[in-house]
Amino acid sequence: MLSAAERSWAEERLERILEHEAKEKRRDFIDDAKIEALLEETANPAKERVRDVLAKARSLVGLEPEEAAVLLNNTDEDLWQETYAVAREIKQEIYGNRIVLFAPLYISSPCVNDCIYCGFRHSNSQVRGQTLTWEQLEKEVQALVTRGHKRLIVVYGEHPASDIDFMCESIRRIYATRKGNGEIRRVNVNAAPLFVDEYRQLKEVGIGTFQVFQETYHHATYARLHPRGTLKHVYTWRLFSLHRAEEAGIDDVAIGALFGLYKWRFEVLGLLYHAQDLEREFGVGPHTISFPRLQPAVNTPYATSSPYLVADEDLKKIVAVLRCAVPYTGLILTARERPELRREVIPLGVSQVDAGSRIAIGGYEEMEREHIPEREQFQLGDTRSLDDFIRELCEDGYIPSFCTAGYRCGRTGEHFMSLAKKGFVKNFCTPNAVLTFKEYLLDYASPATRQAGEKVIKHYLAALEASHPAQAQAVRERLQRLEAGERDLYF
Ligand code: SAM
Ligand code: SF4
């Protein structure tokens with residue numbers, strides 16, 4: 001039950017939202033019937049048709065939703081293997097071996113909404129809503145930076161205790177927290193949709209990406225899972241949340257769907273229509289796409305009984321098709337997934353992952369407890385330490401990156417996309433990945449990880465030496481400066 005104060009806050013906000021929606025000029029671009037029809041028309045595609053689409057994907061121009069539907073509907077196992085191979089190729093071509101690392105930081109869990117699948121929903125009496133005090137927040141950030149994290153995504157419930165002023169103040173405090181060489185250089189935000197003036201305040205405190213998951217693009221399912229009368233019930237308020245963020249000047253926006261609420265093929269097409277509409281209006285698509293799968297949560301039967309839960313094999317298909325369809329958009333794979341599956345899915349096109357994650361409120365201070373169910377939104381699948389995760393990445397030939405230079409040099413939004421499209425990501429981002437990884441190795445890595453990491457850097461330098469000797473020299477010179485104690489060097 002909501003308290004009187006919570007109810008009046010939510011009612012007032014809902015009234016403002018409905019007023020806003022009544023004046024919204026944008027047209028809902030998700031046409032459920034059209035998506036269902038597309039999926040029907042492309043059922044059991046001929047082999048040649050699938051291969052034609054794969055050939056187009058290989059040329060890095062992206063795919064129309066109709067073409068993505070062909071791939072999604074493929075039923076031939078050999079052709080799926082070909083699709084995976086193309087996805088791997090595209091990832092290698094655009095992102096190289098880099099994997100960007102971040103950590104989620106749950107700051108506040110009380111929520112006035114009642115999403116049926118979420119442990120934080122207000123009617124869930126078995127999860128205790130909690131908001132970090134400033135002192136606790138500082139401790140959490142210190143615990144993160146002493147493990148080597150530089151990039152966070154902060155997460156809030158929708159609640160008067162975590163309103164826009166609270167969010168801004170918490171982000172200012174995160175940036176101000178230091179420990180040794182440790183600091184957070186980029187704070188991304190996952191929170192409920194906001195008004196344009198509220199996004200402007202977030203821009204002022206220097207956030208990176210604003211992320212909102214539509215959860216499900218299917219209207220009737222959306223209405224059913226987000227009860228009437230709650231703020232989240234208003235589908236278009238959420239659908240255009242990132243359009244409003246762009247309007248407020250936040251260049252990097254991130255979309256996602258919570259897979260397991262409706263048919264996964266439908267959701268992939270929903271994501272693509274969403275990306276297209278952002279690109280149509282703002283000249284640039286989303287910075288990243290996430291594809292979290294529904295996970296078990298305390299006292300939340302829907303999370304394990306939904307008829308649309310997605311199988312591991314289908315998650316691989318989702319990632320590979322997205323990689324083919326939006327080659328320049330970052331893809332985020334979260335620690336919701338188990339270690340073995342993450343290892344299999346990353347090569348198919350993932351560019352960002354969280355690691356060493358804890359999602360209970362105050363969870364980093366109690367790092368040794370992998371799960372604290374009564375304080376968690378759902379249960380994580382990969383609770384390995386950042387150091388262990390990084391060692392595995394190195395063994396698989398990846399360059400872990402903590403780079404945030406792109407944002408600070410203004411390589412965001414439209415500008416970022418044009419750079420990405422010219423292959424600059426590899427030229428700027430890989431050297432910067434190496435520099436930030438070197439910092440990690442010097443300041444935080446265990447001996448075994450340092451050894452594995454130095455091998456990766458050596459290998460990278462040898463290859464660069466052969467193709468771009470001058471650039472290799474510039475990277476070497478900066479690596480030496482890092483060894484001598486300088487920090488935060490980038491191209
Ligand atoms: N309350 C805000 C909102 O809903 O937009 C902030 C984000 S919420 C704390 C973060 C995301 O967690 C949601 O958008 C949803 O996709 C995801 N989530 C909720 N319940 C989940 C579950 N049982 N398993 C996996 N992800 C879940
Ligand atoms: Fe609240 Fe977000 Fe959970 Fe919904 S998904 S109950 S809005 S925290």
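**Entry 1: ligand 2**

Which residues surround ligand 2? I started my notebook with this one, and I kept in mind that the model is predicted. I found Cys111, Asn113, Cys115, Cys118, Phe120, Arg121, Lys232 and Gln377 around ligand 2. Sorted by class, this shell has four nonpolar, two polar and two charged residues. Next I asked where ligand 2 sits. My answer is the largest cavity.

**Entry 2: ligand 1**

I turned to the other ligand and asked how many residues surround ligand 1. The count is 18, and the closest are Asn190, Glu215, Lys232, Arg238 and Gln295. Lys232 caught my eye, for I had already written this residue down beside ligand 2. I sorted the shell of ligand 1 too, and noted ten nonpolar, three polar and five charged residues.

Then I looked up some polar contacts of ligand 1.

- For Gln295, a polar backbone atom is 2.9 Å from a nitrogen atom of ligand 1.
- For Arg336, the side chain is involved: one of its N or O atoms is 3.1 Å from a nitrogen atom of the ligand.
- For Tyr156, I noted a backbone N or O atom 3.4 Å from a nitrogen atom of ligand 1.

How much of ligand 1 does the protein bury? Taken alone, the ligand exposes 570 Å², and the protein buries 96% of that.

**Entry 3: the largest cavity**

Here I wanted to know about empty space. Rolling a probe the size of a water molecule over the atoms shows where such space is left. I counted seven cavities of 30 Å³ or more. Which of them holds ligand 1? The space taken by ligand 1 is the largest cavity, and I had already placed ligand 2 in the largest cavity.

I wrote down a volume of about 790 Å³ for the largest cavity. Its lining is made of 47 residues, and Tyr106, Val155, Asn190, Arg336 and Gln377 lie nearest the centre. Some names were familiar by now: Asn190 is among the closest residues to ligand 1, and Gln377 is one of those around ligand 2.

Which elements give two or more residues to this lining? I listed strands E1 (98-108), E2 (151-156), E5 (186-190), E8 (288-290) and E10 (352-354). The largest share comes from E2, with five residues. By class, I noted 25 nonpolar, 13 polar and nine charged residues in the lining.

**Entry 4: the largest pocket**

My last stop was the largest pocket, with a volume of about 430 Å³. I found 19 residues lining this pocket, and Asn97, Ile399, Thr430, Tyr460 and Ala463 are the closest to its centre. The elements that give two or more residues here are helices H5 (77-95), H19 (424-443) and H20 (447-467). Which helix gives the most? That is H20, with six residues. I closed the page with the classes of the pocket lining: seven nonpolar, ten polar and two charged residues.

Technical notes
Residues are numbered from 1 along each chain as its sequence is written. Chains are lettered from A and ligands numbered from 1 in the order in which they are written. This is a predicted model: local features need pLDDT of at least 70, side-chain atom pairs count only at pLDDT 80 or more; totals for chains, interfaces and linings use all residues. Side-chain values use heavy atoms; hydrogens and water are left out. A residue is near a molecule or strand if one of its heavy atoms lies within 4 Å of it. A polar contact is a pair of N or O atoms within 3.5 Å; within protein, one must be able to donate a hydrogen and the other to accept it, and residues adjacent in sequence count only if both atoms are side-chain atoms. Accessible areas come from the Shrake-Rupley method with a 1.4 Å probe; for residues, only the protein chains shown count as cover. On a 1 Å grid over the protein atoms alone, a cavity is a set of points where a 1.4 Å probe fits but cannot get out, and a pocket is an open set with protein on both sides within 12 Å along at least five of seven lines; lining residues have an atom within 4 Å of a point. A molecule sits in a cavity or pocket if more than half of its atoms lie within 2 Å of its grid points. Ala, Val, Leu, Ile, Met, Phe, Trp, Tyr, Cys and Pro count as nonpolar, Asp, Glu, Lys and Arg as charged, and the others, Gly among them, as polar. Grid points are joined across faces, edges and corners, and a volume is the space filled by probe spheres set on the points. Helices (H or I, at least four residues) and strands (E, at least two) are DSSP runs, numbered from the N terminus.
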